[in-house]
Amino acid sequence: MKTLKRYAAGLIRFYRGNPAGIIGSSIVALILVACLAAPVLTDKDPNKRVARGHQPPSAELVFGSTRAGKDIYTQVLYGGRVSLMVAFSAAAVTTVIALAVGVSSGYFGGRIDETLMAVTNVMLVFPQLPLLIILAAFLGQVGPLVIAMILGLTSWPWGARVMRSQTLALRKKEFITAAEVMGESRWRIIVVEIIPNLISLVAGMFVGTSLYAIGAQAGLEFLGLGDPTVVSWGTMLYWAQSSAAFLVGAWWDFVVPGTVIALVGGGLALINISIDQVSNPKLRTGRYLKIWRRMKAETEAKRREA
Amino acid sequence: MNMSDTPKVPSKLEVEDLVIDFRTGGSLFNPSILRAVSEVSFELTTGQALAIVGESGSGKSTVARALCRLYTPSAGQVRLDGVDVNAAETSASQRDYARDVQMIFQDPFGSLNPVHTIRHHLKRPVKIHNPGLNADEVEARVIELIERVGLSPAKQTADKFPYELSGGQKQRVAIARALAVGARYILADEPISMLDVSIRLGILNLMDDMKRDGIGFMYITHDIATARYFAERTAVMYVGHMVEWGDSDTVTQNPQHPYTQLLISAVPEAGRSGRRELKAKKGDIPVRTPESVGCPFAGRCLQAREECHTAMPPVTKLAEDHFVRCFLFDQDTEN
């Protein structure tokens, strides 16, 4: 119970004096909740024609309609479910693989380390975007789940190296040696003694990879490599492009999904920055600038009094 | 405990001609090897302490880690009650071996996991080594251990995280962890050198109590005064070799080996006026390899003779419990 309380206290401490974290988390949470609550927030079907094509935003159609006459507001909400699901599951797959590969490699060392790092380095030198395009093209027009798997299975090497280096540093700590001398099993040492020390790194990695996956998924779908019948933010952009929305002046068709992607991306980036600042306080600026300014003002006031 | 069937025989943890080599690089067929520990022999008995004294890099910690089976000896044996602990056919699992031999580390800040409570640190060893206990019994044992090492109030301490404790308190928790296993031997690797001077004595006295309760200690230190205070016997190490050993009072009050004399003369003394010259040549501390010959101290020794550079001096018994490895005392070569 104390551990739970401590995590809650840690969470409060994380957000205190951390506007970037608060703003980022609020944006992401707001959009996530809106997408999950899509059936409550709209009574339309994202795949049904509800109006004439390319209607501008109005009281009836908040964000206007697509060329095919579908409601963009409804599509953004339902499409967000797909896009966010892909982003978070890709991030989860990446984080789990990176954690498993990095920690085993760092903890066991020797031949295991050499083998795992050889694989990691090979994966690392693959140019990511061309690889994604080739994979997606090879598999045909792929559904969101396959996109999530492709992204998850190709973006772990960088994280694995970071996890490995952190594990190497932890491995030399005496509490690990003490656990070994005590007769603790190796798997328990990894799971109970090492991984809890990597939590901030895992969180940072999860957020960072989600950010990357949101963009990469939208990119793949925009290029037409995704399944265009599934509504997601990426396919919305694809349809906007293929229906020449820009040329006919239907700006709402691409501005709305683009803005939502940018908002989520920005929110995740803000969370990522604030995690970085917590794990490396040197990156902190705002709070300490404020303290410094106050101290300066106080000393000046004293000087004036004297 | 596995000694219960032979309670009359005092338990012994022996080290015989222990050699530990580390590979430091080189090619596959021509590896460069560092000999960290060379022909070290001693024994620990329950209820007694042996101090290992020497400067940094003299192989003290390496010996302790070999005794914990963290390193495998390159040659020689570690025997617990006559059984070679590294032999494949007789060796116990690390978990069984842990029940007999535990280690306390130098850095109290590094020896506890920052993400776990003190309770976690003590609960695990109790659970691992007493699988039959239920949750209440484990908790009672944890509280008892915390009280045993002089931390109170025990319940509140158990809920604390390492960062909420001082260095001395952390070291007490580390000692409690060794006790939690129920070890008969504790290898203390400079347990007080990173603590404030004011709390060192408290930790030493705690270890002294445990020694009286029948635990055998190996006390690694570079502080000769505490070695004499805490340990019955003292061994002096230099570059992986034991150069002088025996009864603590004799070794520290009547040092015979030139290196022991140098080490003791380096202890700052109150009321000593002016600078005292150290009784040795300025020279590098040698790096020993399996090919090295001669006494490791020969290069810095003021009394070094020709033979010191070519052969390792034999062990000479100076008194009932006082041994030295130096040609100065070797009867056969004295003219």
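1. A good place to start is B:Ala49, whose bridge partner in E8(B) is B:Phe217. This pair belongs to the contact between strand E3 (residues 49-53) of chain B and E8(B), which run parallel and are joined by 5 bridges. Please keep in mind as you look that this is a predicted model.

2. On its other side, E8 (residues 216-221) of chain B is joined to E7(B), again by 5 bridges and with the strands running parallel. Here B:Phe217 turns up once more, standing opposite B:Ile186. One step further along, E7(B) pairs with E6(B) in the parallel sense over 4 bridges, and B:Tyr185 in E7(B) is the bridge partner of B:Val101.

3. These strands are part of an open sheet of 8 strands in chain B, with the order E6-E7-E8-E3-E9-E10-E12-E11 and mixed pairing. E6 and strand E11 (315-319) of chain B stand at the edges, and because each has a single partner strand, one side of each is left without a neighbour in the sheet. From one strand to the next, the twist averages 20°.

4. Strand E7 (residues 185-189) of chain B deserves a closer look. All 5 of its 5 residues are buried, so this strand is largely enclosed by the rest of the structure. B:Tyr185, B:Leu187 and B:Asp189 point one way, while B:Ile186 and B:Ala188 point the other way. The general pattern behind this is that side chains in a regular strand alternate between the two faces of the sheet. You may want to note that B:Asp189 is among the buried residues.

5. Which helices lie across the strands of this sheet? H6(B) lies across E6 and E7 of chain B, running at about 175° to E6(B). H1(B) lies across E3, E6, E7, E8 and strand E9 (233-238) of chain B, at about 150° to E8(B).

6. Chain B also has an open sheet of 4 strands, with the order E2-E1-E4-E5 and antiparallel pairing. Its edges are strand E2 (31-45) and strand E5 (83-84) of chain B; each has a single partner strand, so one side of each is left without a neighbour in the sheet. Helix H1 (residues 60-67) of chain B packs on this sheet too, touching strand E1 (12-26), E2 and E4 of chain B, and its direction makes about 115° with that of E1(B). Strand E4 (residues 75-80) of chain B pairs with E5(B) in the antiparallel sense over 2 bridges, with B:Leu80 opposite B:Val83.

7. Taken as a whole, chain B has 10 helices and 12 strands. Its radius of gyration is 21 Å, which agrees with the value near 20 Å that a compact globule of 335 residues would have. Its C-alpha atoms fill a box of roughly 70 × 55 × 45 Å along the principal axes. Buried residues make up 41% of the chain. Of the contacts in chain B between residues at least 6 apart in sequence, 62% join residues at least 24 apart.

8. Turning to the interface, 21 residues of chain B are in contact with 14 residues of chain A. On the chain B side, helix H2 (94-98), strand E6 (101-104), helix H3 (118-129) and helix H6 (167-181) each supply at least two residues. By class, this side has 10 nonpolar, 6 polar and 5 charged residues.

9. Finally, a word on confidence in chain A. Its mean pLDDT is 85, and 96% of its residues reach 70 or more. Helix H1 (residues 2-15) of chain A is lowest at a mean of 76, and helix H4 (residues 72-108) of chain A is highest at 92.

Note on methods
Residues are numbered from 1 along each chain as its sequence is written. Chains are lettered from A and ligands numbered from 1 in the order in which they are written. This is a predicted model: local features need pLDDT of at least 70, side-chain atom pairs count only at pLDDT 80 or more; totals for chains, interfaces and linings use all residues. Two strands pair if DSSP finds at least two bridges between them. Two residues are in contact if their C-beta atoms, placed from the backbone, lie within 7 Å. Axes are lines fitted to C-alpha atoms, for helices over the stretch in contact, and angles run from 0 to 180 degrees between N-to-C directions. pLDDT is the predictor's confidence in each residue, from 0 to 100. Ala, Val, Leu, Ile, Met, Phe, Trp, Tyr, Cys and Pro count as nonpolar, Asp, Glu, Lys and Arg as charged, and the others, Gly among them, as polar. The radius of gyration is taken over C-alpha atoms; the globule rule is 2.2 Å times the number of residues to the power 0.38. A residue is buried if 20 or more other C-beta atoms lie within 10 Å of its own, exposed if 12 or fewer, and partly exposed in between; C-beta atoms are placed from the backbone.
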